[in-house]
Each structure stands twice: as structure tokens, then as C-alpha cells.
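Work through the exercises below with the sequence and the coordinates at hand, and try each task before reading its solution.

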Amino acid sequence: MKRAALINDLSGVGRCSLSVALPIVSACGHECAVLPTALLSNHTGFEHYTFYDFTGHMRGYIDCWEELGISFDMVYSGFLGSGVQADITLNFIERLGKGAVRLVDPVLGDNGVLYDTCGDVTEHMRRLIRAADVITPNLTELCALCGREYPESPISIAEIERMCSRLPTGCIVVTGLERDTVLEIEHNRVANLICENGSITLTDNEKFPAAYCGTGDVFASVLCGGLTSGVKLTAAVRAAFNSHFRSCR
Ligand code: PXL
């Protein structure tokens, strides 16, 4: 059995982050270890939330797991509660993730807006993605990582490819691309662009007529399950995309 480290927040209400990653990666047949980044009453999409930053406890978990001789086949990080947690995650990879697949979902925002809790996380995330094998930004996160404004009018696939080529990660899956942001995408379709060491594949699906917080986490979690099993990136993205679509219905 493979072992995956899930570094993400625990939101008490709202189907996102650890609440979806843990059951999904487990159902893919892997043993999961949880390293929380923050504890929230509910995700930040609600009007109010409580937020407990878990930074102060994370190093203790890592020391303890290292002393116990625990190591990982997959390190999957999502929502970070502070910029320092990018360094803690890098340190985690160095100590417990030698030879592991490293999946970083750079959770920073959506629809052109960064989450309130992000603070200095964006600049630190730029360092964390250097150590990743695969990252899964949406367009808002891709723009933030590239240090550019979110586009006011639709951009081309070529422009997204150019942004990907400026990032230091070999495999980038840009998620949730739609007609209102990308010129070439058809109406009522939603697409992912896979940039695998410079070569581009576009996968698309029928668009489900609603939006939910946490759908990106469901997608990244199924992708995590596939990559941990050794499934190739494009096949794992297609499986994640299809099951994530079905989970909306
Ligand atoms: O699904 C991304 C996410 C993760 N964690 C928290 C969030 C969100 C999105 O709003 O608020 C706490």
C-alpha cells in the first residue's frame, strides 16, 4: 500500500480540502496521513468563519513522523494557512518525501479574486511550486503565480501556454477554463490544459450549470489518487476530470 501525506486545511463545514481529500485518496487505495495547515469553522466562501492557524504545530508532526521512520510515496499540498507553511512543506518533502511524487495545488483564489486568508502566501507559493512535480492552478492562481493581472477579457490558449512556460514546474494542469476567460473554449464546456514539459493537451467536458467551493479539491484529490498509483499524468487528469464532473450531479 502506498502512503500519501495530505497537507491541507480542515474546514468543519463545506465540502473542501481535507474533508474531500481524505476520503477520496483513501478510496483510491492509499494510506493517508494528515498534516493540517489550519482549522476553520467552515470554508471562507461563507459570510463568516473562524480560522485557527496551525503553523505552530506542523514542525512537531514532522519531527515525530521522522523519529518514527515514516516516509511517503506522495506529498499533496493544498490550502496553506500562512506563507511560512510553504517552507515547512519544502522541509517536509526533503525529510519525509524523498522519491515521493509531489503534487502542489496552489490554492490562492478563484474567479479573479484571491482568498482573504492568502496574505503573503502567494509569494511563498512561488517557491513551493519549484519543488513540485505537478501543480493544478486555476486561471486566477496561474495569473497570481506569474505576477500578472487577471484578464478583463478572454485570452487565448497560446497566452496560457506562455504563462505556463514562465513557471518553474514541469507539469502544470490549468483547471476550470471556460468561454468567458478563454477564447477557444466552446460555450457550455469546461476545459483543463495540461502542459507537460512544454507539450500541451486540452481535455474538455460538458459544463455543469453551477459552481461549488471545493470542486478543485475533488479534482486534485482524484488526480493525487491516480498519480500515487503510478497512472500517467494525462490519463490521471482525464479520470479526475470525469469523476469530478460526475460528483457534481
Ligand atoms: O476549495 C478551496 C478552499 C480550501 N480551503 C479553504 C477555502 C477554500 C475556498 O474557498 O476557503 C479554507
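The exercises that follow concern a predicted model, and each task is followed by a worked solution.

**Exercise 1. Cysteines**

Determine how many disulfides the structure holds, and explain the result for Cys32 and Cys171.

Solution. Begin with the cut-off, since a disulfide is a pair of cysteine sulfur atoms within 2.5 Å. For Cys32, the closest cysteine sulfur belongs to Cys224 and lies 7.1 Å away, which is too far for a bond. For Cys171, the closest cysteine sulfur is that of Cys195, at 8.1 Å, and this is again too far for a bond. The structure accordingly holds zero disulfides. As a further step, consider accessibility: Cys32 is buried, with a relative accessible area of 18%, and Cys171 is also buried, at 11%.

**Exercise 2. The surroundings of Asp73**

Locate Asp73 in the fold, classify its exposure, and list what it touches.

Solution. Asp73 sits in the loop that runs between helix 2 (55-67) and strand 4 (74-77), and its relative accessibility of 33% makes it partly exposed. Leaving aside residues up to four places away in sequence, Asp73 touches Met1, Lys2, Arg3, Ala100 and Val101. With Arg3 the approach can be specified, in that the side chain of Asp73 reaches the backbone nitrogen of Arg3 at 2.7 Å.

**Exercise 3. A nonpolar surface patch**

Identify the residues that form a nonpolar patch with Leu10, and place Leu10 in the secondary structure.

Solution. Leu10 forms the patch together with Leu39 and Tyr52, and their accessible area together is about 260 Å². Leu10 itself belongs to strand 1 (residues 3-13) and is partly exposed, with a relative accessible area of 40%.

Note on methods
Residues are numbered from 1 along each chain as its sequence is written. This is a predicted model: local features need pLDDT of at least 70, side-chain atom pairs count only at pLDDT 80 or more; totals for chains, interfaces and linings use all residues. Side-chain values use heavy atoms; hydrogens and water are left out. Buried means under 20% relative accessible area, exposed over 50%, partly exposed in between (1.4 Å probe, protein chains only). Patches are made of residues with over 30% relative accessible area and no salt bridge: like charges are joined within 9 Å, nonpolar side chains (Val, Leu, Ile, Met, Phe, Trp, Tyr) within 5 Å. Accessible areas come from the Shrake-Rupley method with a 1.4 Å probe; for residues, only the protein chains shown count as cover. A salt bridge is a side-chain nitrogen of Lys or Arg within 4 Å of a carboxyl oxygen of Asp or Glu. Helices (H or I, at least four residues) and strands (E, at least two) are DSSP runs, numbered from the N terminus. Contact means heavy atoms within 4.5 Å. A polar contact is a pair of N or O atoms within 3.5 Å; within protein, one must be able to donate a hydrogen and the other to accept it, and residues adjacent in sequence count only if both atoms are side-chain atoms.
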